[in-house]
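Hi,

As promised, here is the structure I mentioned. Please have a look at it first, and then read on for what I found.

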Amino acid sequence: MEDLIFRYLDGECTVTEIETVEARLETDHEFATVFAQLHEANELLMNSSLDMPKRGFANRVMKSLQVQRFPAIQDSFIVKIGLAMLLFLVAAFTLVAVPELGDYINLSLPDILSRNTIVYATLLLFFFMVLDWFLTKRAAKLKP
Amino acid sequence: MRQLDKNQELEIIDRIRNGDSNAYRLLVKQYERYVFSAAMKIMGHPEDAEDVAQEAFVKAFKSLDQFDGRSKFSTWLYRIAINTAISKRRKKKFNTHDIDDTPVRGSVSNANELKHNEQKRYLQLAFNQMQEDDVTALTLFYLKELRLKEIAEILEIEVNSAKVRIHRARKKLALVLQDLLHHEAKNLI
């Protein structure tokens, strides 16, 4: 019974079914009661227009994207690289400031200098320049 | 706002993937009412609904790389919104807001509007008493732009199961409304 009523309400009935429904509405009290209930619920939902969020909703979404995207990059990438750089610098300066430490860990300052230090330092500098360029570009793209 | 077609949406998504995140605003504008309305029906309160809608849009943006374009963007977005709303509603367990406290947006300028707001309140009261599965099915069914196949996709069930669920939910809603009316009539006497 409900299935027929729903199809009638949704406009999916055949002509014969429409006639059946309309005839039963006249003669069948139980059918008419169920029809009235389902019809009321259907009307209520059909008439419930779309709700509107508060003005400026899209702006708030875009702002929240901006807030959430930047820490994500910082946490996952920049901070790790920053920490690695810091450790590297601390180690290098420790070795320079306390040359005896080099003896202790079996690595003296002249050893370091003799291992193409300038080449490595240049490569490292170049790497950080490229990294800086890449991150700046990416950050500019992500900025909503 | 003019409705975007599927190709335009895919073009916007491509732009976002290529770094133009500002283009996402177009998608937010396009679907804010639908997502908010769906969230509103499930959450029952505008503040909660807005939180859910905002979270859904942010989640969708973050996982845009996972959108493969096989379904419509709206279908994919609604699934995120519905899942977010359901999980929030479960966390809250009960809707702690009294429905009578629910603010009605806009000013009441005439009798029709008053009647409309009253109907909305009545409907929301019924939704608050129903299970979230049923509310979700009804919300999607009456979002107007969705077909049964898309509803099934959002609910991640078969088309026939979706049909059965909607059928069951409509029946339940009728019963709940009947019950509410009965109570209201009793209170008046």
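Let me start where the two chains meet. In this predicted model, the contact is made by 31 residues of chain B and 28 residues of chain A. On the chain B side, the elements that contribute two or more residues are α2 (24-43), α3 (46-62), α5 (111-128) and α8 (159-188). Of these, α2(B) provides the largest share, with nine residues. Sorted by class, the chain B side of the contact has 14 nonpolar, eight polar and nine charged residues. For the complex, the predictor reports an ipTM of 0.72 and a pTM of 0.65.

Before you zoom in on chain B, a word on confidence. Its mean pLDDT is 81, and 83% of its residues reach 70 or more. Confidence in chain B is highest in α3(B), at a mean of 92, and lowest in α5(B), at 76. Please be careful with residues 97-101 of chain B, where the pLDDT is below 50. That stretch still has eight contacts in the model beyond near neighbours in sequence. Where pLDDT is low, the predicted coordinates should not be read in detail.

Next, a pair of helices in chain B that you may enjoy. Two packed helices are described by the angle between their axes and the distance between the axes. For helix α6 (residues 132-141) and helix α7 (residues 148-155) of chain B, the axes come within 10 Å and cross at roughly 145°. The crossing of α6(B) and α7(B) is right-handed. From α6(B), Thr136(B), Ala137(B), Leu140(B) and Phe141(B) take part, and they meet Ile151(B), Ile154(B) and Leu155(B) of α7(B). That contact has six nonpolar residues and one polar residue, with no charged ones.

Two further points on α7(B). Its buried residues are Glu150(B), Ile151(B), Ala152(B), Glu153(B) and Ile154(B), so two of the residues that meet α6(B), Ile151(B) and Ile154(B), are on both lists. After the helix comes Glu156(B), which has a positive phi, near 55°.

Another residue worth a click is Ile80(B), which sits in helix α4 (residues 73-92) of chain B. Is Ile80(B) buried or exposed? The answer lies in between: a residue needs 20 or more other C-beta atoms within 10 Å to be buried, and Ile80(B) has 19, so Ile80(B) counts as partly exposed. Leaving aside residues up to four places away in sequence, Ile80(B) touches Ala56(B), Lys59(B) and Ala60(B). One of these, Lys59(B), is 21 residues away from Ile80(B) along the chain, and their C-alpha atoms are separated by 7.5 Å.

Finally, chain A. This chain has seven helices and zero strands, so its elements read α-α-α-α-α-α-α from the N terminus on. Of its 144 residues, 6% count as buried. Among the contacts in chain A with a separation of 6 or more, 44% are between residues 24 or more positions apart.

Helix α2 (residues 15-27) of chain A makes a neat check on geometry. At 1.5 Å a residue, its 13 residues should span 18 Å, and the end C-alpha atoms are 19 Å apart, which agrees. This helix is hardly covered, as zero of its 13 residues are buried.

Happy browsing, and do write back with any thoughts!

Best wishes

Key
Residues are numbered from 1 along each chain as its sequence is written. Chains are lettered from A and ligands numbered from 1 in the order in which they are written. This is a predicted model: local features need pLDDT of at least 70, side-chain atom pairs count only at pLDDT 80 or more; totals for chains, interfaces and linings use all residues. Two residues are in contact if their C-beta atoms, placed from the backbone, lie within 7 Å. Helices (H or I, at least four residues) and strands (E, at least two) are DSSP runs, numbered from the N terminus. Ala, Val, Leu, Ile, Met, Phe, Trp, Tyr, Cys and Pro count as nonpolar, Asp, Glu, Lys and Arg as charged, and the others, Gly among them, as polar. A residue is buried if 20 or more other C-beta atoms lie within 10 Å of its own, exposed if 12 or fewer, and partly exposed in between; C-beta atoms are placed from the backbone. Axes are lines fitted to C-alpha atoms, for helices over the stretch in contact, and angles run from 0 to 180 degrees between N-to-C directions. A crossing is left-handed if the near helix is turned anticlockwise from the far one by less than a right angle, and right-handed if clockwise. The expected span of a helix is 1.5 Å times one less than its number of residues. pLDDT is the predictor's confidence in each residue, from 0 to 100.
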